[in-house]
Amino acid sequence: MLKKVFIKTFGCQMNEYDSSKMQDVLNQAHASSKTEDPKEADLIILNTCSVREKAEEKIYSHLGEYEILKKNNPNLLIAIGGCVASQEGENILKRAPFVDLIFGPQTLHRLPDLVNKRKLAGIPQVDISFPEIEKFDHLPPPSVSGSSAMVSIIEGCSKYCSFCVVPYTRGEEISRPFEDVLTEIIHLSSLGVKEITLLGQNVNAYRSFTNKGEPADLALLIEYISDIEDIQRIRFTTSHPNEMTDSLIECFGKFPKLAAHLHLPIQSGSDRILAAMKRNYTALEYKNIIKKLRKNCPSVSISSDFIIGFPNETDADFNLTKKIMNEIQFDFSFSFLYSPRPGTPASYIHDEISHEIKLKRLNELQLMNDAQGKAISHLMLGSKQRILIDGVSWKNPTELAGKTDNNRVVDIQADKSLINQFVDVTITEVTSKRLRGEII
Ligand code: SAM
Ligand code: F3S
């Protein structure tokens with residue numbers, strides 16, 4: 001039996017979601033509970049990310065720490081899950097032979113089985129296969145804490161951007177059946193969930209069928225979820241520009257429960273670089289999507305992902321990225337230095353641009369985006385916002401904090417009975433990335 005499980009999660013929201021599922025399957029099979037202290041764990045899981053090299057290297061430094069714990073407690077099991085596990089497989093054992101279990105994002109439901117096999121056989125167990133969507137049929141009903149929950153609706157990615165490792169580590173896109181997703185959300189709402197975030201690497205590539213056999217996409221799913229009375233806010237992430245259909249764009253403004261925020265990765269403002277990245281859209285096409293979105297829902301805030309220093313990105317290319325950032329006025333976004341990933345087509349391109357230049361560009365873009373995010377916060381001053389209060393403010397334990405549609409934390413003076421409730425507030429103050437509000 002496993003009494004205590006410690007899970008360290010790296011990377012994206014999909015990984016956070018997968019970690020909560022690991023905890024659920026282990027709770028069901030071993031009645032184990034979660035611990036925040038690796039020293040008291042019987043099983044330590046590292047749920048890894050291989051999207052960029054830095055994230056990957058962090059894993060090995062943590063493993064060094066856990067190897068010492070294992071020397072003091074030989075019964076301790078150490079597991080590597082997620083994308084590094086999927087990418088490296090048994091090779092992990094060459095660098096860290098003390099690891100007991102290696103499993104991928106699509107085999108996490110087999111964790112209890114792998115633990116048993118490891119104990120019986122006494123040798124490390126590796127399972128990084130991609131069994132078709134089997135995972136969801138073997139997961140226990142989700143456990144929830146609080147009023148927000150994530151629901152994975154599509155796994156994997158079939159876009160194969162030239163720089164990205166995800167299609168190789170998570171497999172091709174597979175959508176979960178429409179009715180299964182709705183059943184899960186209805187179940188979550190019966191447990192007190194009020195805000196749902198639909199997840200997928202390309203969540204807007206979701207395709208399924210209703211129980212009447214009609215084709216169903218993300219727009220239809222949003223329409224059905226809107227009818228679930230207790231669900232009061234719907235979010236979805238991450239989207240791909242090529243999958244922003246008119247029906248999905250029209251959901252903004254049409255369904256009041258859909259948060260007025262969209263995270264839509266652009267990566268670059270240069271058509272030359274976008275083509276080399278195999279993104280299959282141009283900067284103008286991206287701008288047209290935003291134009292249509294803002295026409296339907298003028299208050300929608302847009303955030304994005306940018307890759308700086310893609311091989312042979314020139315000053316002219318970078319200037320085009322700055323240009324589109326100025327034109328669109330993005331909310332707080334993510335920008336990353338390009339990291340060559342093993343086996344991806346872009347990793348074979350010879351690159352002439354120095355690291356210093358790339359860092360300078362990254363810094364410049366981040367400063368620009370920071371200013372844009374702050375400007376959006378200032379525009380919110382005096383406005384009415386709907387927030388979901390998720391708990392006590394970490395800034396001041398006598399206050400509560402909640403999030404707006406565009407993910408800003410608002411501190412308010414309010415009674416604790418309002419935790420997990422939606423309230424309308426007026427924004428009275430803006431400080432860096434936080435806001436202060438008063439209940440209307
Ligand atoms: N589905 C999303 C989209 O439409 O682009 C992206 C999901 S990806 C896992 C998250 C982000 O990681 C990407 O948007 C990209 O900016 C970044 N990323 C992926 N591969 C990268 C690499 N090799 N180097 C730097 N950043 C990378
Ligand atoms: Fe990666 Fe492109 Fe898919 S960034 S997750 S291959 S859309």
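This is a guided tour of a predicted model, stop by stop, with a selection to make at each one.

**Before you start**

Residues are numbered from 1 along each chain as its sequence is written, while chains are lettered from A and ligands numbered from 1 in the order in which they are written. In this predicted model local features need pLDDT of at least 70 and side-chain atom pairs count only at pLDDT 80 or more, whereas totals for chains, interfaces and linings use all residues; side-chain values use heavy atoms, with hydrogens and water left out.

**Stop 1: the three-stranded sheet**

Select β7, β10 and β13, which form an open sheet in that order with parallel pairing. Helices (H or I, at least four residues) and strands (E, at least two) are DSSP runs numbered from the N terminus, and two strands pair if DSSP finds at least two bridges between them. At the edges are β7 (148-152) and β13 (233-237), each pairing on one side only. Neighbouring strands here are turned by 20° against each other on average, direction ignored. For such angles, axes are lines fitted to C-alpha atoms, for helices over the stretch in contact, and the range is 0 to 180 degrees between N-to-C directions.

Now add helix α1 (residues 13-30), which packs on the sheet and touches β7, β10 and β13. The direction of α1 makes about 100° with that of β7. Contact means heavy atoms within 4.5 Å.

Zoom in on β10 (residues 195-199), joined to β13 by five bridges in the parallel sense. Leu198 has Phe236 of β13 as its bridge partner. Then step past the end of β13: the peptide bond from Thr237 to Thr238 is cis, with omega near 0°. Thr238 belongs to the loop between β13 and α10 (246-254).

**Stop 2: the nonpolar cores**

Keep Leu198 and Phe236 on screen and add Ile153, Leu218 and Leu221. Of the 56 residues in the largest nonpolar core, these five touch the most other members. A nonpolar core is a set of buried Ala, Val, Leu, Ile, Met, Phe, Trp, Tyr and Cys residues joined through side-chain atoms within 4.5 Å. Buried means under 20% relative accessible area, exposed over 50%, and partly exposed in between (1.4 Å probe, protein chains only). Leaving aside neighbours within four places in sequence, Leu221 is in contact with Ile153, Phe178, Val181, Leu182, Leu198 and Tyr206. Another core, of 22 residues, lies apart from it; Ile44, Cys49, Leu63 and Val84 are among them.

**Stop 3: ligand 2**

Which residues are around ligand 2? Select Cys157, Lys159, Tyr160, Cys161, Phe163, Cys164, Val166, Pro167, Asn202, His240 and Arg279, using a limit of one heavy atom within 4 Å. This shell has seven nonpolar, two polar and two charged residues. In that count Ala, Val, Leu, Ile, Met, Phe, Trp, Tyr, Cys and Pro are nonpolar, Asp, Glu, Lys and Arg charged, and the others, Gly among them, polar.

**Stop 4: Arg170**

Move to helix α7 (residues 166-170), where you will find Arg170. Is this residue buried or exposed? Arg170 counts as buried because its relative accessibility is 2%. Its contacts beyond four places in sequence include Met14, Asn15, Asp18 and Cys83. Try a distance label too: the C-alpha atoms of Arg170 and Gly82 are separated by 8.5 Å, although these positions lie 88 residues apart along the chain count.

**Stop 5: β16, β17 and the loop before β17**

Select β16 (residues 305-308): Asp305 and Ile307 point one way, Phe306 and Ile308 the other way, and all are buried. Four bridges join β16 to β17 in parallel, with Phe306 opposite Ser335.

Next, show the loop between α13 (315-328) and β17 (334-337), which holds Asp331. Asp331 is buried at 2% relative accessibility and touches, among others, Ser301, Asn369, Asn406 and Arg408. Gln329 is in the loop between α13 and β17 as well; it has a positive phi of about 60° although it is not a glycine.

**Stop 6: the barrel**

Finish with the closed barrel of five strands, β18-β19-β20-β22-β21, whose pairing is mixed. The twist averages 50° from one strand to the next. β19 and β20 (residues 409-412) pair antiparallel over four bridges, and Lys403 stands opposite Val409. In the loop between them sits Asn407, partly exposed at 39%.

Last, pick Glu399, in the loop between β18 (384-392) and β19 (400-403). Glu399 is buried, at 4%, and its contacts include Asp411 and Arg436.
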